[in-house]
Structures are given as structure tokens and as C-alpha cells.
Amino acid sequence: MIVLKPLREAPNDPEIQTAAAILLAGGVVAFPTETVYGLGACFDQPEAVRKIYLAKGRPSDNPLIALIAGLNQLELLVREWPPLAAKIAAAFWPGPLTMVLPKVSTVPDEVTAGLDTVAVRMPAHPLALALITATGTPLVAPSANRSGRPSPTSAEHVAGDLGDNIDAVLDGGISDVGLESTVIGIGEDHIVIFRPGAVTREMIQSVSGSRFAIEYAEQSVAPPSPGMKYAHYSPEAKVYLVMSAGSAGAKLAELADELALKGEKVGVLAHDDTLAGISLGLTRLSLGSREDLRFAAHMLYAQLRLADHAGLTVLLVEAVDDSGVGMALMNRLRKAACKIIEE
Ligand code: TXA
Ligand code: MG
């Protein structure tokens, strides 16, 4: 794998030109987006798209997201563009929101895992937009992690997971948002949230108006979005999600000491006020202040990877407030957890 560090975020930058040439020749290149790093291939090259599944170890029935640099590229992907989709795109693109829409028949089955729909997003990261513009074609880009691992928010994370399996990574520093995009489906009179993200339910409702009901697709029903059924986001350490940390995190602190006494190498990932009460000998990883969940989202995956770096066997994670972007954080934490401690 080669590391490309563009000096300018423009399509004619030499490093971006190199990345585009690799992609057009059928290679796979990881690149930054504002959510997480993606592993890209040209959407219309089925061989290259298959390389993505191989490199990630991704189940073949889990479809990919196609990234575009302008609305003019929609016609290559989607068959229908309802007024509600246009309204939502105007509000949130470029940005961390993906829409699932009926696909045109020329989108390869490798992209959509045989579904009749395709997931589309216009990312807000200038390097991602420059790369798509340089190739002149939409790029498919799932998160650039080994399947099941936390998504990468830096080029180093990508190298650690996929270094031997991909052609190149464009290094653009640390992803701003830190969690994958919100994925929604557009119905006649409703919107389904397949995956919560930084564009929150409240933000979508304020654009759609109250005429459109917003449903949250729960995991219990047959998953309408294939990605919902897979284990995700897990570090090597066992993750225990602690639903109520007790006053000033007292219960969490007690639990951490108990596990340490049993010989576990324990770490705690929590808000700063809770961390203040955790024994000094334990690894303490911050989710920032309770008032700033966007910071917690920005940090989450890097902290999960640090848990591995520290060689932890158990990571106790403090549950966060479930509203706004907290809904996305809790979605990822529930999936990463092997045990949920209710009280
Ligand atoms: O933020 C993001 O979206 C990142 C950046 C790189 O763009 N990409 C990303 O891709 O998170 P991935 O592959 O890790 O997640 C794609 C999600 C999966 O849960 C998948 O099941 C769902 O989107 N998806 C893709 N196509 C779909 C479709 N046609 N219908 C329903 N869900 C779909
Ligand atoms: Mg992923």
C-alpha cells in the first residue's frame, strides 16, 4: 500500500491524480471523508468492487454506498428522484447523510448486492470531492476497516486494518464527524432511518415537515438494510456497556475495580466527570463532556482502537444520552458491546 499526502485539495493535485489513475485502472484506494475513511473503487467496475469485499472480508450480501461529487452524477445511479429526496439533498448535501433510492439497471449487482435500490451520498470532505472529480465517476466507498472492526477515522487506522490488501491511501488527517453517515430510505409518506448518524432525526423532520412520519428501523425485524444484522465496531477487548454509571460514576468505578481484582486488564471509556472517579491504575479513555456529544462521536472509534493498543481485556463504556447525535453513538455502542449492564 502506498500513502499519498496531497498538498492541495484539488483534482489536479499530483497525489490525487495518482489515486485517480489507480482507481481508473481497477484498483482500490482508501480516502478521507468527513464521516470516516472510505475504501473506494469506481462504481462501474465490478472487478474492482469485488476487491473491496475481499480486502474488507465483507459479507457479499451487504451493499455499498456510492459517493458523488455533484447532482449531475445522480442519473448514473438512481431511477427516481422524488421531491422529498431533492429537498433533503438541498438541506444536507454535501454532508453525512445517505439516501437509499431505486437504482438504474446499469448499476452493477456487485454494488447493491443484487438489491433494486442504491445508497447515495455527496460527502463534504474536499479531498473526497476532488478525488471523485478527478476520476470523473461516482466511487463506491464502504468504511475502510476490516469487516466487524471500528470504522477508521485516520489514515493510520486504515493502514493498520487493510495495509496489505489495498493499493493506496490518501492521507487527509482525522475525520471530523467520526461516525458513519445517517442512512435513510424515502417512502411515499414516511422516511425510514436505517442507520442513525450526525444528521439527526430532528434535523430530518425539520426539513421534511410533519407530513412525513420518521420511523427508526429496529434490529429485531427482518433487516431492510443488510448492514443492520452484522456484528460491528468491535475492538479486541470485550466491551461492556454500562447503562447507568451511578452518581458521579460510582457504580462504574466499583465495577472496574472488581474486574481488575479478577485479573482483567480493565479500561474505562466515559465522560470526563465519570473518569475523575476511576482508579489511577486503570486505562482511562475520554468521551469529553456530557454537553458535547459531537466530540464524543468524533473520538469514539479512535478510543476503541486505543483500547486494543493498551492491550485491554475488558472495556467498560458509559452509556451516553440517547437524544440527538447520542442516538447514533448508542446505536454503535450497543453493537460493539458483548454485554449490556442495566443497573
Ligand atoms: O459515512 C459513510 O457512509 C461511510 C463513508 C465512507 O461514506 N461509508 C459507510 O459504508 O459507512 P458502509 O459500507 O460501512 O455502510 C453502508 C451501510 C450498510 O449498513 C449497508 O447495509 C447500507 O449502508 N446500505 C447500502 N446500500 C443499501 C441499500 N440499497 N438498501 C439499504 N441499505 C443499504
Ligand atoms: Mg462499515
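Arg-50 and Glu-110 form a salt bridge whose closest N and O atoms are 2.6 Å apart, a salt bridge being a side-chain nitrogen of Lys or Arg within 4 Å of a carboxyl oxygen of Asp or Glu. The two partners come from distant parts of the chain, 60 residues apart: Arg-50 belongs to helix α2 (residues 46–56) and Glu-110 to helix α4 (residues 109–112). Helices (H or I, at least four residues) and strands (E, at least two) are DSSP runs, numbered from the N terminus. Arg-50 is partly exposed, with a relative accessible area of 38%, and Glu-110 is partly exposed at 24%; buried means under 20% relative accessible area, exposed over 50%, and partly exposed in between (1.4 Å probe, protein chains only).

This is a predicted model, in which local features need pLDDT of at least 70 and side-chain atom pairs count only at pLDDT 80 or more, whereas totals for chains, interfaces and linings use all residues. Residues are numbered from 1 along each chain as its sequence is written, chains are lettered from A and ligands numbered from 1 in the order in which they are written, and side-chain values use heavy atoms, with hydrogens and water left out.

**Salt bridges**

The structure holds 13 salt bridges, including those tabulated here.

| Pair | Closest N and O atoms | Separation in sequence |
|---|---|---|
| Arg-50 and Glu-110 | 2.6 Å | 60 residues |
| Arg-149 and Asp-308 | 3.0 Å | 159 residues |
| Asp-171 and Lys-5 | 3.6 Å | 166 residues |

Arg-149 lies in the loop between β7 (139–140) and α6 (155–162), while its partner Asp-308 is part of helix α10 (residues 293–309). Arg-149 counts as buried because its relative accessible area is 19%. A network of salt bridges links Arg-149 with Asp-161, Arg-305 and Asp-308.

In the remaining tabulated pair, Asp-171 sits in the loop between β8 (168–170) and β9 (182–186), and Lys-5 in the loop between β1 (2–4) and α1 (14–24). Asp-171 is buried, with a relative accessible area of 14%, whereas Lys-5 is exposed at 54%.

**His-125 and its surroundings**

His-125 is placed in the loop between β6 (117–121) and α5 (126–135). A relative accessibility of 11% makes His-125 buried. A polar atom of the His-125 side chain lies 3.0 Å from the backbone nitrogen of Leu-127. Beyond its neighbours within four places in sequence, His-125 is in contact (heavy atoms within 4.5 Å) with Glu-9, Pro-32, Thr-33, Glu-34 and Gly-172.

**Nonpolar cores and rings**

A nonpolar core is a set of buried Ala, Val, Leu, Ile, Met, Phe, Trp, Tyr and Cys residues joined through side-chain atoms within 4.5 Å. The largest core has 49 residues, of which Ile-88 and Met-99 touch the most other members. Setting aside neighbours within four places in sequence, Ile-88 contacts Trp-93, Leu-97, Met-99, Ile-184, Ile-186, Ile-191, Ile-204 and Val-207. Apart from this core lies another, of 28 residues, among them Val-36, Tyr-301, Leu-315 and Val-320.

The charged end of Lys-339 sits over the ring of Tyr-240, 4.7 Å from the ring centre; this requires NZ of Lys or CZ of Arg within 6 Å of the ring centre and within 35 degrees of the ring normal.

**Asp-61**

Asp-61 lies in the loop between α2 and β4 (65–67) and is partly exposed, at 32% relative accessibility. Asp-61 and Leu-139 are 78 residues apart in sequence, and their C-alpha atoms are 19 Å apart in space.

How values were computed
A polar contact is a pair of N or O atoms within 3.5 Å; within protein, one must be able to donate a hydrogen and the other to accept it, and residues adjacent in sequence count only if both atoms are side-chain atoms.
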